[in-house]
Amino acid sequence: MSEFPARPLPALTEDTAPFWTAGERGELLIQQCDHCRYYIHPPTGFCPQCESRETHFQPVSGRGFVETFTVNHKQWMPGLPERYVLALVRIAEQDDVRLATNIVGCDPDAVTFDMPVRVRFEQAEDLWIPLFAPEEVFAPENAA
Ligand SMILES: [Zn+2]
């Protein structure tokens, strides 16, 4: 069962749809410059490094680290849990790609800075939301 049954969903655009839908295939896709290979997030179709407009969506490992986080203690909307973790996760491939997400699969008090995490997807209507759980959750002895 979803930890976020009433999550507000982002609107899909041509630029953002690949990011929000690739989770159906278990893939985390990050926009990447065709020329200098810089990862671009949020996806804009424009490379801030070399100013190219030629980009594609590249599957990444799904591994990352908690850059910063906060624990929410208030139920802002009916259906949302009272305690959950809002976080910025930097992807393993590039330090300045930071995904605004939730840390799931552990007690909010267990989350720490630089904690290794891995993506897991939560389906919400047509979207697959990238959330992250502690790397240790994926260890064979903890697999569900
Ligand atoms: Zn570039």
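Let me start with the open sheet, which in this predicted model has 3 strands in the order 2-1-3, with antiparallel pairing. Its edge strands are strand 2 and strand 3, each of which pairs on one side only. If you look at the contact between strand 1 and strand 3, you will find that these two run antiparallel and are joined over 6 bridges, and that glutamine 31 stands opposite phenylalanine 57 in strand 3. As a reminder, strands of a sheet pair through backbone hydrogen bonds, either parallel or antiparallel.

Now to the loops that belong to these strands, where a few backbone angles deserve a careful look. As background, most residues other than glycine have a negative phi, and most peptide bonds are trans. In the loop between strand 1 (28-33) and strand 2 we come to arginine 37, which is not a glycine and yet has a positive phi of about 70°. Is arginine 37 buried, exposed or partly exposed? Because 13 other C-beta atoms lie within 10 Å, arginine 37 counts as partly exposed, given that a residue is called exposed at 12 or fewer and buried at 20 or more.

The loop between strand 2 and strand 3 holds glutamate 51, which again is not a glycine and has a positive phi of about 70°. Glutamate 51 has 10 other C-beta atoms within 10 Å, and is therefore classed as exposed. The loop between strand 2 (39-40) and strand 3 (55-60) also contains proline 42, and here the feature is the peptide bond: histidine 41 and proline 42 are joined in the cis form, with omega about 0°.

Let me turn next to strand 5, which covers residues 84-91, and ask which strands pair with it. On one side there is strand 4, residues 63-72, which runs antiparallel to strand 5 and is joined to it by 8 bridges; on the other there is strand 6, residues 98-103, paired with strand 5 in the antiparallel sense over 6 bridges. Valine 85 is a useful residue to follow by eye, since it appears in both pairings: valine 85 is the bridge partner of valine 71, and in strand 6 its bridge partner is isoleucine 103. The connection from strand 5 to strand 6 is a hairpin of 6 residues.

Finally, the two faces of strand 5 can be told apart, for Val85, Ala87, Val89 and Ile91 make up the covered face, whereas Tyr84, Leu86, Leu88 and Arg90 make up the uncovered one. Valine 85, the residue we followed across the bridges, is thus on the covered face.

Definitions and conventions:
Residues numbered from 1 in each chain as written. Predicted model: local features only at pLDDT ≥ 70, side-chain atom pairs only at ≥ 80, totals over all residues. Helix = DSSP H or I, 4+ residues; strand = E, 2+ residues; numbered from the N terminus. Pairing = 2+ DSSP bridges.
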